[in-house]
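Student: I should like to learn how the features of a structural model are read. Could we begin with the idea of a contact and then proceed to individual features?

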Amino acid sequence: MGIPMRRIGLLAVISALVFGSVQPLAAKPEAGVYACTFERGNAWLFEKGAYAERQPERVAFSISRVDMGAQTARLGTGEGAAALRTVQALSARHFIEVAGEGFLNITTIYDRDDVSGRYPAVHSRHFAVLGQPLVAQYRGFCDRKP
């Protein structure tokens, strides 16, 4: 006595709707590296009951070993490396870092611009310093290196 094939098909459809689509099992990391630089941005520190604007620092890092099937990538900075999670969007890719303290850094790299040949990007930081919220958002570009 087995389960009728129609019921198995229905269960597969319901599972896909509830749990999302199945990722490929044999996905391979992409070759190459995104070299990202963010020259301009805004930052705010919450202290004494209000947000105060701060001058953000220039930010530069690389993203490599992008594997959209496994939803992973690797962040490289002058201070070390970290694991990233990825999300594919229409005409963009999101890279999410969960820092050791649980704070989030999110980078969105948009599709390559035909005029400049670069990848427009946005980088957001959601963290705290000594318990005080410090948030920043940068705009810049990434370049794809082989």
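Tutor: Contact means that heavy atoms lie within 4.5 Å. In the protein chain, 38% of the contacts with a separation of 6 or more come from residues 24 or more positions apart. This is a predicted model, in which local features need pLDDT of at least 70 and side-chain atom pairs count only at pLDDT 80 or more, while totals for chains, interfaces and linings use all residues. Residues are numbered from 1 along each chain as its sequence is written, and side-chain values use heavy atoms, with hydrogens and water left out.

Student: What is the secondary structure of the protein chain, and in which order do the elements run from the N terminus?

Tutor: Helices (H or I, at least four residues) and strands (E, at least two) are DSSP runs, numbered from the N terminus. Here the protein chain has 1 helix and 9 strands, in the order α-β-β-β-β-β-β-β-β-β.

Student: In which sense do β4 and β5 pair?

Tutor: Two strands pair if DSSP finds at least two bridges between them. Strand β4 (residues 72–77) and strand β5 (residues 80–89) are antiparallel, with 6 bridges, and a hairpin of 2 residues joins them. Within this pairing, R74 has A83 in β5 as its bridge partner. Strand β5 also runs antiparallel to strand β6 (residues 92–98), through 5 bridges; there, V87 is matched with H94 of β6. The hairpin of β5 and β6 likewise has 2 residues between the strands, and S91 takes a positive phi near 60° in it.

Student: Which cysteines does a disulfide join?

Tutor: A disulfide is a covalent bond between the sulfur atoms of two cysteines; the criterion is a pair of cysteine sulfur atoms within 2.5 Å. That rule yields 1 disulfide, between C36 and C142, with an S to S distance of 2.1 Å. The link of C36 and C142 is right-handed, with 105° about the S-S bond. Because C36 belongs to strand β1 (residues 33–47) and C142 to strand β9 (residues 132–145), the pair ties together parts that are 106 residues apart in sequence.

Student: Are C36 and C142 buried or exposed?

Tutor: Buried means under 20% relative accessible area, exposed over 50%, and partly exposed in between (1.4 Å probe, protein chains only). Both C36 and C142 are buried. Of the 146 residues of the protein chain, 27% count as buried.

Student: How does one read S64 and R144 by the same scale?

Tutor: S64, in strand β3 (residues 59–67), counts as buried because its relative accessibility is 17%. Beyond four places in sequence, S64 touches G32, V33, A73 and R74. R144, in strand β9, has 30% relative accessibility and therefore counts as partly exposed. Its contacts outside four places in sequence are E30, A31, G32, V33, Y34 and Y119. The C-alpha atoms of R144 and S64 are separated by 9.9 Å, although these residues are 80 apart along the chain.

Student: What does the charged end of R144 sit over?

Tutor: A charge sits over a ring if NZ of Lys or CZ of Arg is within 6 Å of the ring centre and within 35 degrees of the ring normal. The charged end of R144 sits over the ring of Y34, 4.5 Å from its centre.

Student: How many aromatic pairs does a search of the whole structure find?

Tutor: A pair of aromatic rings is described by the distance of the centres and the angle of the planes. Rings of Phe, Tyr and Trp (its six-membered ring) pair if their centres lie within 6.5 Å; planes under 30 degrees apart count as stacked, over 60 as edge-to-face and the rest as tilted. The search finds 4 aromatic pairs, and ring pairs link Y34, F95 and Y119 into a cluster.
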